[in-house]
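Let's take a walk through this protein together, with the coordinates open beside the text.

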Amino acid sequence: MVASEDVQATQAAPAPQAAAPVTIEVWHDAVCPWCRIGLHNLQRAIAAAGRPVDLQIHPFLLDPTTPDEGRDLRGWLGARYGAARVEAMFANVTSAGARYGVTFHFDKIRQSPSTVRAHATIAAVPAAVRDAYVHAMHVAYFERGEDIGSPEVLGALAETAGWSRAEAIAAANDAARLAAIRQAAEAASRSGIRGVPHFVIGGQPLHGAQSPEAMQAAIAAAR
């Protein structure tokens with residue numbers, strides 16, 4: 001006769017429950033260099049944290065009045081911040097990016113495009129290739145100076161990321177999607193978001209292009 005404790009010892013232990021994913025929300029604009037740094041650092045933090053995440057990317061428009069054809073970048077920044085400060089601003093963000101392995105070539109960027117179409121494609125891209133697509137978009141604009149307000153450029157970038165060129169162009173030209181992006185960006189501004197990148201990690205806000213270590217700590221602390 002086997003003792004009861006021996007019987008209990010032979011029973012299989014219950015399988016551990018999988019950890020629930022940490023919800024991470026990001027508000028960003030595709031032409032915001034600090035957003036590029038912030039998203040780059042977030043991806044590093046996610047990889048190091050070793051926890052499942054549900055990453056949600058929301059649109060924000062730095063200048064909702066930008067025309068569909070875009071506008072001169074230096075002229076716009078000069079009018080907003082003063083012409084004497086523009087090159088110093090470029091140098092500052094270039095130096096900040098270099099600390100984390102992010103490259104900027106502002107000498108190749110002439111236009112500040114409208115990003116409504118870019119956001120529409122980010123909202124439509126399949127989740128499996130979204131990160132690759134957003135990265136391709138950032139490289140195209142910040143390193144090659146390409147017009148990411150152009151549906152054709154967005155279609156080409158989609159193809160390099162493993163998405164359908166035709167689907168990306170269709171999303172970029174979809175009037176309902178474009179209206180939804182503008183509404184979402186307006187809602188973000190009304191909610192109190194005044195600048196980007198803006199993160200909410202596990203319900204806790206974290207603003208600005210934080211270091212990978214700061215974001216990893218926020219992920220670890222999330223319930």
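What follows moves from model confidence to the sheet, its helices, the buried residues and the cores.

Please keep in mind that this is a predicted model. The mean pLDDT for the protein is 93, and 92% of the residues reach at least 70. The exception to keep in view is the stretch of residues 1-10, where pLDDT stays under 50. For that stretch the model has one contact beyond four places in sequence.

A good place to begin is the sheet. Four strands make it up, in the order β2-β1-β5-β6, and the sheet is open with mixed pairing. Because β2 (53-59) and β6 (204-207) each have a single partner strand, they stand at the edges, and one side of each is left without a neighbour in the sheet. From one strand to the next, the twist averages 20°.

Now zoom in on β5 and β6. Strand β5, residues 198-201, pairs with β6 in the antiparallel sense, and four bridges join the two. You can follow the register by eye: His-198 sits opposite His-207 in β6, and Phe-199 has Leu-206 of β6 as its bridge partner. The hairpin that these strands form has two residues between them, and in this hairpin Gly-202 adopts a positive phi near 60°.

Helices pack against this sheet. Helix α10 (residues 212-221) touches β1, β5 and β6, and its direction makes about 30° with that of β5. Helix α6, residues 127-144, lies across β1 (22-28) and β2, running at about 40° to β2.

Strand β1 also contains His-28. Is this histidine buried or exposed? Its relative accessibility is 0%, so His-28 counts as buried. Leaving aside residues up to four places away in sequence, the contacts of His-28 include two other histidines that are easy to find, His-58 and His-119, as well as His-138. Cys-35, Leu-39, Ile-57 and Val-196 are also among the residues that His-28 touches.

That contact with Cys-35 leads us to the cysteines. Cys-35 is buried at 0% relative accessibility, and Cys-32 is buried too, with a relative accessible area of 3%. A disulfide is a covalent bond between the sulfur atoms of two cysteines. How many disulfides does the structure hold? The count is zero.

Residues close to these cysteines in sequence meet a helix from further along the chain. Ala-96 lies in helix α4, residues 83-99. With a relative accessible area of 4%, Ala-96 falls under the 20% cut-off and is therefore buried. Beyond residues up to four places away in sequence, Ala-96 touches Trp-34 and Ile-37. Ala-96 and Pro-33 are 63 residues apart in sequence, yet their C-alpha atoms are 9.9 Å apart in space.

Finally, let's look at how the nonpolar side chains gather. In soluble globular proteins, nonpolar side chains tend to be buried together. Here the largest nonpolar core has 49 residues, and those with the most contacts inside it include Ile-24, Tyr-133, Met-137 and Ile-201. Helix α6 gives the most to this core, with eight residues. Met-137 makes a useful landmark: among the residues it touches, not counting those up to four places away in sequence, are Ala-30, Ile-122, Ile-148 and Leu-157. Apart from this core lies another, of eight residues, among them Trp-27, Ala-188 and the two cysteines we met above, Cys-32 and Cys-35.

Terms used:
Residues are numbered from 1 along each chain as its sequence is written. This is a predicted model: local features need pLDDT of at least 70, side-chain atom pairs count only at pLDDT 80 or more; totals for chains, interfaces and linings use all residues. Side-chain values use heavy atoms; hydrogens and water are left out. Two strands pair if DSSP finds at least two bridges between them. Axes are lines fitted to C-alpha atoms, for helices over the stretch in contact, and angles run from 0 to 180 degrees between N-to-C directions. Contact means heavy atoms within 4.5 Å. A disulfide is a pair of cysteine sulfur atoms within 2.5 Å. Buried means under 20% relative accessible area, exposed over 50%, partly exposed in between (1.4 Å probe, protein chains only). pLDDT is the predictor's confidence in each residue, from 0 to 100. A nonpolar core is a set of buried Ala, Val, Leu, Ile, Met, Phe, Trp, Tyr and Cys residues joined through side-chain atoms within 4.5 Å.
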